[in-house]
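Got your viewer open? Load the model below, switch side chains on, and follow along one selection at a time.

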Amino acid sequence: MNLRTLLLLLLLALGLAACAKHVPSDKAEYVGEWQGKSMYLLITQDGSVRYKRLKGGGSTSIEAPLKRFDGDDIVVGIGPMSTVFTVSKPPYRDGGEWKMVVDGVELTRTSRGPGRSEA
């Protein structure tokens, strides 16, 4: 790989990282690592989103920056390409656990994120 190609790839990576929107304070409860029977979702404070779902014998995974929240729904993607995660129940307390329902799957928050407590 020549220097010009390497530089182009570095600039592209930096540009994509700059596309993420930080999670707004009114949506702070979305931040964390969420898991369900067939789904994993990680949302970081800086707007990075990682998703994996097993369904019908296959899997779908996405790693993309947060574009925005549309009501309770989470919109991620780059440029004109985007994916919407439909949130039918935003984060809520159920006993001692945090839960939410995304794309019809109940998720439980297993971690609040680096250096953050579950309180």
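Start by selecting lysine 99 and aspartate 94: their side chains form a salt bridge, with the closest N and O atoms 3.4 Å apart. Bear in mind that you're looking at a predicted model. Colour the pair by accessibility and the partners part ways. Lysine 99 counts as buried, because its relative accessibility of 11% is under the 20% cut-off. Aspartate 94, at 37%, counts as partly exposed.

Now widen the selection to Asp94, Glu97, Lys99 and Glu106, which are linked in a network of salt bridges. How many salt bridges are there in the whole structure? A search of the whole structure turns up seven.

Next stop: aspartate 72 and lysine 27. Their side chains meet in another salt bridge, at 3.5 Å from N to O. This one links distant parts of the chain, with the two residues 45 apart. Aspartate 72 sits in the loop between strand 4 and strand 5, while lysine 27 belongs to the loop between helix 1 (3-18) and strand 1 (32-35). Is lysine 27 buried or exposed? Lysine 27 is buried, at 13% relative accessible area, whereas aspartate 72 is partly exposed at 31%.

Stay with the loop between helix 1 and strand 1, and pick glutamate 29 together with arginine 112. The closest N and O atoms of this salt bridge are 3.9 Å apart. Glutamate 29 lies in that loop and arginine 112 in the segment after strand 9, so the pair ties together parts that are 83 residues apart in sequence. Glutamate 29 is partly exposed, with a relative accessible area of 31%.

Keep arginine 112 selected and centre on it. How buried is arginine 112? Its relative accessible area is 6%, so it falls under the 20% cut-off and counts as buried. Draw distances from its side chain to the backbone:

- The backbone oxygen of alanine 28 is 2.9 Å from a polar atom of the arginine 112 side chain.
- The backbone oxygen of valine 31 is reached by the arginine 112 side chain at 2.7 Å.

Time to hide the charged groups and go for the greasy part. The largest nonpolar core has 21 residues, and Leu41, Ile74, Met100 and Val102 are the members that touch the most others. Which elements give two or more residues to this core? Show these ranges as cartoon:

- strand 2 (39-43) and strand 3 (48-55)
- strand 4 (58-70) and strand 5 (73-78)
- strand 8 (97-102) and strand 9 (105-111)

From that core, zoom in on valine 102. Skip its neighbours within four places in sequence, and valine 102 is in contact with Met39, Leu41, Phe85, Thr86, Val87 and Leu107. Leu41 is worth a second look here, as one of the core members with the most core neighbours.

Finally, zoom out and colour by secondary structure. The chain has one helix and nine strands, and reading along the sequence gives α-β-β-β-β-β-β-β-β-β. Of the 119 residues in the chain, 31% are buried. If you like contact maps, look off the diagonal: among contacts with a separation of 6 or more, 38% are between residues 24 or more positions apart. Then switch on the surface for the last view. The chain exposes about 7,400 Å², and carbon and sulfur atoms supply 57% of that area.

Methods: Residues numbered from 1 in each chain as written. Predicted model: local features only at pLDDT ≥ 70, side-chain atom pairs only at ≥ 80, totals over all residues. Heavy atoms only, no water. Core = buried A, V, L, I, M, F, W, Y, C linked by side-chain atoms within 4.5 Å. Buried < 20%, exposed > 50% of the residue type's maximum accessible area, 1.4 Å probe, protein only. Helix = DSSP H or I, 4+ residues; strand = E, 2+ residues; numbered from the N terminus. Contact = heavy atoms within 4.5 Å. Salt bridge = Lys/Arg side-chain N within 4 Å of Asp/Glu carboxyl O. Polar contact = N/O pair within 3.5 Å; in protein donor to acceptor, adjacent residues only side chain to side chain. Areas by Shrake-Rupley, 256 points an atom, 1.4 Å probe, with all protein chains shown as cover.
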